[in-house]
Amino acid sequence: MIESITALLTTDFVLYALAAGVALALVAGPLGSFIVWRRMSYFGDTLAHSALLGIAIGLISGSNPQLSIIISCLLFAFILTVLDRKTSVSTDTLLGILAHSSLALGIVVLSLADSVRVDLEAYLFGALLTISSVDLVWILAVVFLVAVVLYTFWNELVSITVHAELAEIEGTNINRLNLILVMLIALTIAVSMKIVGVLLVTSLLIIPPAAARQLAETPEQMAVKASCIGVLSVVLGLGSAFYFNLPVGPTIVVIATLIFLALYFFQGTQKSRSNTG
Amino acid sequence: MPAPDSDKPVSNNPDTDNSVLLRVNSICKSFGERKVLENVNLTVERGQIVTLIGPNGAGKTTLVRIALGLILADSGTLFHTPSLRMGYMPQKVHIEPTLPLTVIRFLQLANRNDGRLVTETLRELNIGHLGRQQLSSVSGGELQRVLLARALLRKPQLLVLDEPAQGIDLAGQAELYQLISEISTQKGCGVLMISHDLHLVMSATDEVICLNHHVCCHGKPEHVSTDPAYLDLFGASASQNLAIYTHHHNHEHDITGNIRAPEND
């Protein structure tokens, strides 16, 4: 068994997958915490769905797929933010319309392009093991950028999340920070497309923070612990996917969910014990 | 306008108009068809406590939000003294249950670099023991003090308080208003606050503005309490209640009812 593990770890594509997954999980902890606190998970879903349209356009126009996903995600995030401020339709409805129309449009456009054969499943559920060194560089660069920006604006981002008006009076530019947060989410979702896929991206962002909530007293603790749970999910997920020959992306999400459930019930029994005792 | 010699404290500036911290002139504001504020004027000077009273839906919070610069008026002007530092105590604070937040961390959002100021302010407001508690678990009265602490951490020149005494019992309310008055004197900051009941804020206020979409009457609390417009709004019984509370306090009770030792200042 030890031999097989060392054999795995010296294989390039496994190392790439591991590095990409761990890097993403690290930044998904704090970023996902904001998605949970601000109830933005549907927003994340919409961005992920719209990314498929970006992939389709990128493939047809023959441009760099990573770049076209990133640009389309950023564009969609921007459009959503502006529409949300301007329209009278509720955010919920707006997101619902955009999420599914862009997903449908993406699939239609992909099927129109006969010349390119696309593995749709890879985009929907992720294909972590097909990550190339170029993909890895993209992922690491974006993760690094997101981490630096998050670190720089951390206190202000927490402040606008806790109480926007207090933050504004204390001199924080709320609109700018909202836009920064939305762009960070868009970037992260764009590069994690290959890892867990359109349909599962948001789960990797929200399940680890939700699990970490039980263990945290402050926003920072929740963010850090979410990162740890995310990394654990990626490592265990990759491992068991290999061992039992399972699809990688869904396995990672299943592991994260199991951790969430375990913590939830463990904490529940702890609480009831301290209440009765 | 930045002062040429900036190491001079602002209060030493001989400019007479410098005493005005905040002024709004002929403010009008509508939400859709509903006119909320009509031609409202308001001035807060350094060290002055101004209280806004009025029935529910009179536009008090809207006026305060305009004064803070959080929303724009439809017409009228807003003046803040240059680089005005404001501390704001909002009416409602809702913390998402998914967001873990201790009292200390909440306060650090306002002032991250000065840990000593945070603990000192907590102690001044008698809530030093709350630091490690979750903000969502503190009681109503404690929460109001935590919010006041957050407002004070900005070392404000102007404190804006939206119903600071809500959710607190009568004795606690009187104590809180007393505290606000002391803070205003000690730190020399102006206070603009919203309150429901004139009789409780009476001893701690310099100017009362009675608002019901427009300014019904304003002036010293003694004057407003007998003003026909005020009696119209709140009924004659309100002014009778008032008489009970206008005596001079020669001693104080703390929250548990014990008489406090007199202070030397």
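How many helices and how many strands are there in chain B? Let's work through that and a few other exercises on this pair of chains.

A quick note before starting: this is a predicted model, where local features need pLDDT of at least 70, side-chain atom pairs count only at pLDDT 80 or more, and totals for chains, interfaces and linings use all residues. Residues are numbered from 1 along each chain as its sequence is written, while chains are lettered from A and ligands numbered from 1 in the order in which they are written.

**Exercise 1. Count the elements of both chains.**

Step 1. Use DSSP runs numbered from the N terminus: helices are H or I with at least four residues, strands are E with at least two.

Step 2. Chain B comes out with 9 helices and 9 strands.

Step 3. Chain A has 12 helices and 0 strands. Its radius of gyration is 19 Å, close to the 19 Å from the globule rule for 277 residues, so chain A is as compact as a globular protein of that length. (The radius is taken over C-alpha atoms, and the rule is 2.2 Å times the number of residues to the power 0.38.)

Step 4. Along the principal axes, the C-alpha atoms of chain A fill a box of roughly 60 × 55 × 30 Å.

**Exercise 2. Work out burial and contact range for each chain.**

Step 1. Call a residue buried if 20 or more other C-beta atoms lie within 10 Å of its own, exposed if 12 or fewer, and partly exposed in between, with C-beta atoms placed from the backbone. Buried residues are 45% of the 277 in chain A and 40% of the 265 in chain B.

Step 2. Call two residues in contact if their C-beta atoms, placed from the backbone, lie within 7 Å. Taking contacts between residues at least 6 apart in sequence, 75% of those in chain A join residues at least 24 apart. For chain B, 67% of the contacts with a separation of 6 or more are between residues 24 or more positions apart.

**Exercise 3. Describe the side of chain A that touches chain B.**

Step 1. The contact involves 20 residues of chain A and 20 residues of chain B.

Step 2. Helix 2 (12–37), helix 7 (133–162), helix 8 (164–169) and helix 11 (219–243) of chain A each give two or more residues to this side. Helix 7 of chain A has the largest share, 5 residues.

Step 3. Sorted by class, this side of chain A holds 9 nonpolar, 6 polar and 5 charged residues. Here Ala, Val, Leu, Ile, Met, Phe, Trp, Tyr, Cys and Pro count as nonpolar, Asp, Glu, Lys and Arg as charged, and the others, Gly among them, as polar.

**Exercise 4. Lay out the 3-strand sheet of chain B.**

Step 1. Strands pair if DSSP finds at least two bridges between them. This open sheet has the order 2-1-4, with antiparallel pairing.

Step 2. Strand 2 (34–45) and strand 4 (75–80) of chain B are at the edges with a single partner strand each, so each has one side left without a neighbour in the sheet.

Step 3. Strand 1 (residues 20–31) and strand 4 of chain B are joined by 5 bridges, and B:Asn25 has B:Thr77 as its bridge partner.

Step 4. Helix 1 (residues 60–68) of chain B lies across strands 1, 2 and 4, at about 125° to strand 1. For such angles, axes are lines fitted to C-alpha atoms, for helices over the stretch in contact, and values run from 0 to 180 degrees between N-to-C directions.

**Exercise 5. Trace the 6-strand sheet of chain B to its hairpin.**

Step 1. The order is 5-6-7-3-8-9, an open sheet with mixed pairing. Strand 5 (86–89) and strand 9 (214–219) of chain B are the edge strands.

Step 2. Strand 3 (residues 49–53) runs parallel to strand 8 (residues 207–212) of chain B, with 4 bridges. B:Leu52 stands opposite B:Ile209, and B:Ile53 has B:Cys210 as bridge partner.

Step 3. On to strand 9 of chain B, which runs antiparallel to strand 8 with 5 bridges. Here B:Cys210 is partnered by B:Cys217.

Step 4. The hairpin of strands 8 and 9 of chain B has 1 residue between the strands, and B:His213 takes a positive phi near 70°.

Step 5. Buried or enclosed? In strand 8 of chain B, 5 of the 6 residues are buried, so this strand is largely enclosed by the rest of the structure.
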